[in-house]
Amino acid sequence: MTADLSIIQLVMHASVLVQLVMALLLALSMMSWFVIFRKRQVMKAAQAAAQHFETRFWSGGDLSQLYKELSQRGDRIRGMESVFHAGFREFARLRPQGSIDPREMMEGVQRAMRVALNRETETLEHHLPFLATVGSTSPYVGLFGTVWGIMNSFHALGNVSQATLAMVAPGISEALIATAMGLFAAIPAVIAYNRYSTETDRLVNRYDNFLEEFSSVLQRQAHT
């Protein structure tokens, strides 16, 4: 209790600029933790949806029926489903036109799937730049507050005839809290960014592999 109270007292007696730095770091930390938990839910849902769709796709069912079911869901199509839906829709639109060469038709289908893949990649990468920014800048923001607090502590020594460690210790302590808060905000953000970036790359590669496999399936149908 005494330690907690002393930290609170140090924060309350810090200079206005140092307090603003601490408030900013606290806000960044809270926002990054919200993003971390939210991102975890999104990634787990995307991985589960990809697994479920792949299982159904390769089960040997009618692809036209699968396309119709997805079309009925409207804007709720996400992930691998979106890639499949865009490719099959373009294939169904171009195939009745007998004058189109199968190679040109497949190029159009792949372009449509690439557009859908890029859109899903942007969705998966959403908020990752924020985590990267918090992880890279928070230590420097905290260091700025520390440097400013130490400057004020040593500047106050110029107004006294005899300087002692007890006179500068509180100022330095409150300044170092800003550094600690900067690290507290940065470390989880960096860890989460690295983890979710890796998971995003793996999921995008999974989408891309499905795109190539589905292209092969449609290419065989295009020549029949």
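Q: Which residues of helix 4 meet helix 3 in this predicted model?
A: In this predicted model, the contact is made from the side of helix 3 by Leu63, Ser64, Leu66, Tyr67, Leu70 and Ser71. By class, the contact of helix 3 with helix 4 holds six nonpolar, three polar and two charged residues. On the side of helix 4, the residues met are Glu81, Phe84, His85, Phe88 and Arg89.

Q: Are helix 3 and helix 4 roughly parallel or roughly perpendicular to each other?
A: Two packed helices are described by the angle between their axes and the distance between the axes. Helix 3 covers residues 63–72 and helix 4 covers residues 80–94, and they pack with their axes 10 Å apart at an angle of about 115°. Angles of 65 to 115 degrees count as roughly perpendicular. Helix 3 and helix 4 are therefore roughly perpendicular.

Q: What is the handedness of the crossing in which helix 3 passes helix 4?
A: The crossing belongs to the helix pair that packs at an angle of about 115°. Where helix 3 passes helix 4, the crossing is left-handed.

Q: At roughly what angle do the axes of helix 2 and helix 3 cross?
A: Helix 3 also has a contact with helix 2, in which Phe53, Arg56 and Phe57 of helix 2 meet Leu63, Leu66, Glu69 and Leu70 of helix 3. The residues of this contact divide into five nonpolar, no polar and two charged. The axes of helix 2 and helix 3 come within 11 Å, and their crossing angle is roughly 145°.

Q: What kind of aromatic pair do Phe53 and Phe210 form?
A: The count of aromatic pairs comes to 14. For Phe53 and Phe210, the distance is 5.6 Å centre to centre, with 75° between the planes. Planes over 60 degrees apart count as edge-to-face, so the pair of Phe53 and Phe210 is edge-to-face.

Q: How many residues apart are Phe53 and Phe210?
A: Phe53 lies in helix 2 (residues 16–57), whereas Phe210 lies in helix 7 (residues 165–222). Both Phe53 and Phe210 are buried, and they belong to one aromatic cluster whose members include Tyr67, Phe84 and Phe88. Their pair links distant parts of the chain, with Phe53 and Phe210 separated in sequence by 157 residues.

Q: Is Ala175 buried or exposed?
A: Ala175 has its place in helix 7, and it touches Gly145, Thr146, Gly149 and Ile150 when residues up to four places away in sequence are not counted. Its relative accessibility is 0%, and buried means under 20%. Ala175 therefore counts as buried.

Q: How far apart are the C-alpha atoms of Ala175 and Val147?
A: Along the chain, Ala175 and Val147 are 28 residues apart. In space, the separation of their C-alpha atoms is 7.2 Å.

Q: Is Gln19 buried or partly exposed?
A: Gln19 is placed in helix 2, and its C-alpha atom is 9.9 Å from that of Gly149, a residue 130 positions away in sequence. The relative accessible area of Gln19 is 27%, and the cut-offs are under 20% for buried and over 50% for exposed. Gln19 is therefore partly exposed.

Q: What percentage of the contacts with a separation of 6 or more joins residues 24 or more positions apart?
A: The protein has seven helices and zero strands, and 37% of its 224 residues count as buried. Among the contacts with a separation of 6 or more, the share of residues 24 or more positions apart is 81%.

Definitions and conventions
Residues are numbered from 1 along each chain as its sequence is written. This is a predicted model: local features need pLDDT of at least 70, side-chain atom pairs count only at pLDDT 80 or more; totals for chains, interfaces and linings use all residues. Side-chain values use heavy atoms; hydrogens and water are left out. Axes are lines fitted to C-alpha atoms, for helices over the stretch in contact, and angles run from 0 to 180 degrees between N-to-C directions. Helices (H or I, at least four residues) and strands (E, at least two) are DSSP runs, numbered from the N terminus. Angles under 35 degrees count as roughly parallel, over 145 as roughly antiparallel, 65 to 115 as roughly perpendicular and the rest as oblique. A crossing is left-handed if the near helix is turned anticlockwise from the far one by less than a right angle, and right-handed if clockwise. Contact means heavy atoms within 4.5 Å. Ala, Val, Leu, Ile, Met, Phe, Trp, Tyr, Cys and Pro count as nonpolar, Asp, Glu, Lys and Arg as charged, and the others, Gly among them, as polar. Rings of Phe, Tyr and Trp (its six-membered ring) pair if their centres lie within 6.5 Å; planes under 30 degrees apart count as stacked, over 60 as edge-to-face and the rest as tilted. Buried means under 20% relative accessible area, exposed over 50%, partly exposed in between (1.4 Å probe, protein chains only).
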